[in-house]
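Visitor: I would like to go through this structure step by step. Please keep the answers short.

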Amino acid sequence: KLQERQESMSSKLVDADHKAQALQTALETTQAELFDLKTKYDEDCTAKADEIEMVMTDLERANQRAEAALREADTLREQLTSSNQSLQLTTQIQTTPDMEQAVEAVSRSSLEAELGAKDRETVQLVENVQRLQASLSKLRESSSTQITQLQLQLSTKTATLK
């Protein structure tokens, strides 16, 4: 009986050793998965931060171009106003009405064309700013969702590990 008990205990010990080895292997695998998941999470966070930084830089540049275009449009409006005043003075001085109208028409049309071009550029820049802001919002939402998912996965793996 003693020998049977000893053999039974010996086989139970071997089984327990096998289980311990299996659990150790499972623990190491889970730790490796957890490390991989953490690494992926960190890489994704870094990539999203870099992408957000690039979008913010683009947005800042677009805002600066829009401001410059608005300032230039204001300058052109002022030039147009002063040109109109100069043309009115020239009209009063000159005696030939055909020459005056030609000069005024040419000056006015060139300034108006330039002003129109600057206004179109301003509108385009404002649209670019709005598009970049929408892109930034979508990027923030997707980043937030992805971070939440990765945190949930990390919590699950941590719980499994424990």
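Visitor: What share of the accessible surface belongs to carbon and sulfur atoms?
Guide: This is a predicted model, and every value here is computed from it. The accessible surface of the protein comes to about 12200 Å². The share that belongs to carbon and sulfur atoms is 54%.

Visitor: How many helices and how many strands does the protein have?
Guide: One helix, α1, spans 2-93, and another, α2, spans 97-161. The full count is 2 helices and 0 strands.

Visitor: What percentage of the residues is buried?
Guide: Buried means under 20% relative accessible area. The protein has 162 residues. Of these, the buried ones make up 17%.

Visitor: Among contacts between residues at least 6 apart in sequence, what percentage joins residues at least 24 apart?
Guide: A contact needs heavy atoms within 4.5 Å. Take the pairs that are at least 6 apart in sequence, then keep those at least 24 apart. The kept part is 90%.

Visitor: Which element gives the most to the largest nonpolar core?
Guide: That core has 5 residues: Ala73, Leu76, Leu80, Leu111 and Leu115. Both α1 and α2 give two or more residues to this core. With 3 residues, the top contributor is α1.

Visitor: Which residues does alanine 73 contact, leaving aside its neighbours within four places in sequence?
Guide: Alanine 73 is itself a member of the largest nonpolar core. One of its contacts, Leu115, belongs to that core too. The full set is Leu115, Lys118 and Asp119.

Visitor: Why does leucine 76 count as buried?
Guide: Leucine 76 sits in helix α1. The cut-off for buried is under 20% relative accessible area. Leucine 76 counts as buried because its relative accessibility is 5%.

Visitor: How far apart in space are leucine 76 and lysine 118, C-alpha to C-alpha?
Guide: Leucine 76 touches Glu114, Leu115 and Lys118, not counting residues up to four places away in sequence. In sequence, leucine 76 and lysine 118 are 42 residues apart. In space, their C-alpha atoms are separated by 8.8 Å.

Visitor: What is the volume of the largest cavity?
Guide: A search of the whole structure for cavities of 30 Å³ or more finds 1. Its volume is about 30 Å³.

Visitor: How many residues of the cavity lining are charged?
Guide: The lining consists of Asp44, Cys45, Lys48, Ser143, Gln146 and Ile147. Both α1 and α2 give two or more residues to this lining. The lining holds 2 nonpolar and 2 polar residues, and its charged residues number 2.

Visitor: Is serine 142 buried, exposed or partly exposed, and why?
Guide: Serine 142 is found in helix α2. Its C-alpha atom is 9.4 Å from that of lysine 48, 94 residues away along the chain. The relative accessibility of serine 142 is 35%, so serine 142 counts as partly exposed.

Key
Residues are numbered from 1 along each chain as its sequence is written. This is a predicted model: local features need pLDDT of at least 70, side-chain atom pairs count only at pLDDT 80 or more; totals for chains, interfaces and linings use all residues. Side-chain values use heavy atoms; hydrogens and water are left out. Helices (H or I, at least four residues) and strands (E, at least two) are DSSP runs, numbered from the N terminus. Buried means under 20% relative accessible area, exposed over 50%, partly exposed in between (1.4 Å probe, protein chains only). Accessible areas come from the Shrake-Rupley method with a 1.4 Å probe; for residues, only the protein chains shown count as cover. A nonpolar core is a set of buried Ala, Val, Leu, Ile, Met, Phe, Trp, Tyr and Cys residues joined through side-chain atoms within 4.5 Å. On a 1 Å grid over the protein atoms alone, a cavity is a set of points where a 1.4 Å probe fits but cannot get out, and a pocket is an open set with protein on both sides within 12 Å along at least five of seven lines; lining residues have an atom within 4 Å of a point. Grid points are joined across faces, edges and corners, and a volume is the space filled by probe spheres set on the points. Ala, Val, Leu, Ile, Met, Phe, Trp, Tyr, Cys and Pro count as nonpolar, Asp, Glu, Lys and Arg as charged, and the others, Gly among them, as polar.
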